[in-house]
Amino acid sequence: MHSFDFVTPTGQYCMPEEGVPLTPKADLLTTEEILTLARLFVKEGVDKIRLTGGEPLIRPDVVDIVGQLHQLEGLRTIGVTTNGINLAWLLPKLQQAGLSAINISLDTLVPAKFEFIVRRKGFHKVMEGIHKAIELGYNPVKVNCVVMRGLNEDELLNFVALTEGLPLDVRFIEYMPFDGNKWNFKKMVSYKEMLDTIRQQWPGLVKLPEEESSTAKAYKIPGFRGQISFITSMSEHFCGTCNRLRITADGNLKVCLFGNSEVSLRDHLRAGASEEELLRIIGAAVGRKKRQHAGMFSIAQMKNRPMILIGIFLMLQESPPASQSISSWHPFLVWCLKPRGNFSDQMATLWKRLRVPKTLSLVQQWLGSVSPLRHYNSHTDSDTNSKCLSPGSQAQGHSGPRSTSNHLTHVDSEGRAAMVDVGGKPDTERVAVASAVVLLGPVAFKLVQQNQLKKGDALMVAQLAGVQAAKQTSQLIPLCHHVALNHIQVQLELDSTRHAVVIQASCRARGPTGVEMEALTSAALAALTLYDMCKAVSRDIVVEEIKLISKTGGQRGDFHRA
């Protein structure tokens, strides 16, 4: 199935801070051109069209467009993605015209923060629009929330709580790079981190079955009216089953949201191209579709349109939102198409070929070879299994059963990096101790010993850094779960025989996953802080012996280094 989206500008996620140059009206698809392309795709089997943003509801003829689309034989669903500002008063007319599905972009539940993100007031109008959609019987009403660290990740639980009494599908979207939105990996909150945070509050969270080609991973809390979903474009891309196309407001076809290659359907339409010629052009573009997008770091460096300038969206299954922020006021349109089963042979063959790519394992790409993964392994006691990648060196002193594995636990069956699901593991008391040694040399050691460094008390600063690092581990190590630590202790002892500082970090928590990464991160960052405090005195400082001393509480037994 396919979908069309109409797009206009929006808030800070989609709209660059400096704005975008307005496209001349003559360059935009006219209403008739929109309907011409819609008829073409519906004739070829599309049964869903979605008008998206930016903001489609500022277009004065939007109700008329919905009405004309509703008359297309074979079109089953007409949806809209909107910032919600104008929804409450327009929705009755849109529903009467034939609108059957609604996505509302909302990145915060705090009115003041809403104004900061969107650069205008309007939060209460958006909430009024959501309640109007529920009142008119739309179920579910989808709420799209782009989650950004330092901006709204602290509101995750508040968004989830909305689904208790309202028939909403709150869709948490990983922060994605687009031209001008100043994307930064540190701002991205991964699906697994969000899921882990939510599960700590609602451990009974249940995963719902996924439809083929679905872009969303859906979950539900038993007893709640609504549900939540995650759009994992960055941490767990769905390129292998992606069947989406997008058409921009100025009539360009994009085969990948993150790609920068485009083909102008508008120019061919205005040059008098026949339906057969248009289908051939579309088919050729689909045939050039890459097997997967470039990855988050490459995408961030790629020249691509800002999100608000990406238009018509064609897809074969449930579509991700073309607009992922709250507000917009720029007359651009995007379509989203969903084809029925009898898509033309030419297009169906292309889609079938594109939907089952075999991608090289990410680990093999990182290693620069296709050597077997047996060169690395992870221990599978419960907490090690839920943490980060471990090289295959032999640990010592296990006091209980121990199991090794010939695969990386943080790589899925398709070679993509993924966090381990610890939702089914029992909560137990977890303790881990790690250590590190910093060889300062005689001059720096004496200054530290006598607390005469110009920067201040090196031991105290390093101790504080170790405590802070333990609490921030999940933000520093991408595939680690967030752990609510009950206790952190960082000790630093002077070893005059080696002119060294010996660091020992201990972490304790109760939960389904271990805390050895927290202890190791604490020891390592305390050591690096010592280096930073002393580097003006000597650059001949060595940080060594960062290692796990012990861990307890895993299902598979404890570990104590001999």
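# A tour of the predicted model

Helices H3 and H5 are roughly parallel to each other. The model is a predicted one, and this helix pair is the first stop.

**Stop 1: H3 and H5**

Select residues 87-97 for helix H3 and residues 123-135 for helix H5. Two packed helices are described by the angle between their axes and the distance between the axes. Here the axes come within 8 Å and cross at roughly 25°. Angles under 35 degrees count as roughly parallel, so the pair is placed in that class.

Now show the side chains at the contact. On H3, select Leu87, Ala88 and Leu91; on H5, select Glu128, Gly129, Lys132 and Ala133. Sorted by class, this contact has four nonpolar, one polar and two charged residues.

**Stop 2: Asn139 and Pro140**

Move to the loop between H5 and S5, where Pro140 lies. Select Asn139 together with Pro140 and look at the peptide bond that joins them: the bond is cis, with omega about 0°. Most residues other than glycine have a negative phi, and most peptide bonds are trans.

**Stop 3: Asn103**

Next, select Asn103, in strand S4 (residues 101-105). Is Asn103 buried or exposed? Its relative accessible area is 5%, so Asn103 is buried. To see what surrounds Asn103, add Arg50, Val80, Thr81, Thr82, Lys142, Asn144 and Arg171; these are its contacts once residues up to four places away in sequence are left out.

**Stop 4: Ile65**

Ile65 is in helix H2 (residues 62-70). With a relative accessibility of 3%, Ile65 counts as buried. Select Glu32 as well and draw a distance between the two C-alpha atoms: the value is 9.3 Å, for residues 33 apart in sequence.

**Stop 5: Lys113 and its two partners**

Select Lys113, Asp154 and Glu155. Which elements hold Lys113 and Glu155? Lys113 lies in helix H4 and Glu155 in the loop between S5 and H6, so their pairing ties together parts that are 42 residues apart in sequence. The two side chains meet in a salt bridge of 2.8 Å, N to O.

The side chain of Lys113 also meets that of Asp154 in a salt bridge, at 3.6 Å, N to O. This pair links distant parts of the chain as well: Lys113 in helix H4 (residues 111-118) and Asp154 in the loop between S5 and H6, 41 residues apart.

Color the three residues by accessibility. Lys113 is buried, at 17% relative accessible area. Glu155 is buried at 3%, whereas Asp154 is exposed at 57%.

**Stop 6: Helix H6**

Select residues 156-165, which form helix H6, and show Leu156, Phe159, Val160 and Thr163, its buried residues. Look down the axis of H6: these buried residues fall within an arc of 100°, so they line one face of the helix. To see what they pack against, add strand S5 (141-147), strand S6 (168-174), helix H7 (191-201) and strand S9 (227-231).

**Stop 7: Arg266 and Asp267**

Arg266 and Asp267 form a salt bridge, with their closest N and O atoms 2.9 Å apart. Asp267 counts as partly exposed, at 43% relative accessibility, and Arg266 is buried, at 13%. For a salt-bridge network elsewhere, select Asp495, Arg498, Glu545 and Lys547, which are joined into one network by salt bridges that share partners.

**Stop 8: Helix H14 and Asn451**

Go to helix H14 (residues 442-449), where Ala444, Phe445 and Val448 are buried. Viewed down the axis of H14, the buried residues fall within an arc of 100°, so they line one face. Pro442 and Val443, on the other side of H14, are exposed. The cover over the buried residues includes helix H15 (458-471), strand S16 (485-495), strand S17 (500-511) and helix H17 (516-534).

Asn451 follows H14 and sits in the loop between H14 and H15. Asn451 is not a glycine, yet its phi is positive, about 55°. Asn451 is partly exposed, with a relative accessible area of 44%.

**Stop 9: His499**

Finish in the loop between S16 and S17, the place of His499. What is the phi of His499? Its phi is positive, about 50°, although His499 is not a glycine. At 30% relative accessibility, His499 counts as partly exposed.

Conventions:
Residues are numbered from 1 along each chain as its sequence is written. This is a predicted model: local features need pLDDT of at least 70, side-chain atom pairs count only at pLDDT 80 or more; totals for chains, interfaces and linings use all residues. Side-chain values use heavy atoms; hydrogens and water are left out. Buried means under 20% relative accessible area, exposed over 50%, partly exposed in between (1.4 Å probe, protein chains only). Helices (H or I, at least four residues) and strands (E, at least two) are DSSP runs, numbered from the N terminus. The arc is that of the directions from the helix axis to the C-beta atoms. Contact means heavy atoms within 4.5 Å. Axes are lines fitted to C-alpha atoms, for helices over the stretch in contact, and angles run from 0 to 180 degrees between N-to-C directions. Angles under 35 degrees count as roughly parallel, over 145 as roughly antiparallel, 65 to 115 as roughly perpendicular and the rest as oblique. Ala, Val, Leu, Ile, Met, Phe, Trp, Tyr, Cys and Pro count as nonpolar, Asp, Glu, Lys and Arg as charged, and the others, Gly among them, as polar. A salt bridge is a side-chain nitrogen of Lys or Arg within 4 Å of a carboxyl oxygen of Asp or Glu.
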